[in-house]
Amino acid sequence: MPSLLSAVPILIVLTLCYALLCAASPYGTCRKCEGWGHAIVRARRSGRLKRGRQCRRCSGYGTRLRVGRRLYNGVTRLHHDGTR
Ligand SMILES: [Zn+2]
């Protein structure tokens with residue numbers, strides 16, 4: 001049985017990779033509209049794909065702030081407010 005201690009270096013590497021990803025590209029694609037910024041609906045008669053209503057989650061931008069970046073922004077704001 002592998003001990004929990006052997007998984008610690010892997011977890012550290014994964015965390016570092018995620019931190020690098022958040023630093024390199026803080027925005028990910030919106031999970032609700034998958035980056036389209038709006039819903040895709042099929043027209044009733046013609047059956048063509050049409051642009052639906054704007055995505056409420058990302059308000060049409062198609063991107064979202066990554067969780068790690070949101071955490072970093074919160075910590076930075078807290079530090080800024082605390083050391084003024
Ligand atoms: Zn969206």
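This passage walks through a zinc site, a loop residue beside it in sequence, and a pair of helices in a predicted model.

A good place to begin is the zinc ion. Its protein donors are the SG atoms of Cys-30, Cys-33, Cys-55 and Cys-58, which lie 2.2 to 2.3 Å from the metal. Along the chain, these donors follow the spacing C-x2-C-x21-C-x2-C. The angles subtended by the four donor atoms around the zinc ion run from 101 to 116°, and the arrangement is therefore tetrahedral, since four donors count as such when all angles lie between 85 and 135 degrees. Of the donor residues, Cys-55 and Cys-58 are both buried.

Arg-56 offers a contrast to these two cysteines. This residue is found in the loop between strand E3 (49-54) and strand E4 (63-65). Arg-56 has a relative accessibility of 75% and so counts as exposed, the cut-off being over 50%. Computed along the sequence, Arg-56 and the zinc donor Cys-33 are 23 residues apart, while their C-alpha atoms are 9.2 Å apart in space.

The helices come next. Helix H1 spans residues 8-24 and helix H2 residues 67-82; their axes come within 9 Å and cross at roughly 80°. H1 is therefore roughly perpendicular to H2, because angles of 65 to 115 degrees fall in that class. In their contact, Tyr-18, Cys-22 and Ala-23 of H1 meet Val-67, Gly-68 and Arg-69 of H2. The residues of this contact comprise four nonpolar, one polar and one charged.

Conventions: Residues numbered from 1 in each chain as written. Predicted model: local features only at pLDDT ≥ 70, side-chain atom pairs only at ≥ 80, totals over all residues. Heavy atoms only, no water. Axes fitted to C-alpha atoms, helices over the stretch in contact; angles between N-to-C directions. Helix = DSSP H or I, 4+ residues; strand = E, 2+ residues; numbered from the N terminus. Parallel < 35°, antiparallel > 145°, perpendicular 65-115°, else oblique. Contact = heavy atoms within 4.5 Å. Nonpolar A, V, L, I, M, F, W, Y, C, P; charged D, E, K, R; others polar. Donors = N, O, S within 2.8 Å, 3.2 Å for Na, K, Ca; no water. Tetrahedral: all angles 85-135°; square planar, octahedral: opposite > 155°, others 65-115°. Buried < 20%, exposed > 50% of the residue type's maximum accessible area, 1.4 Å probe, protein only.
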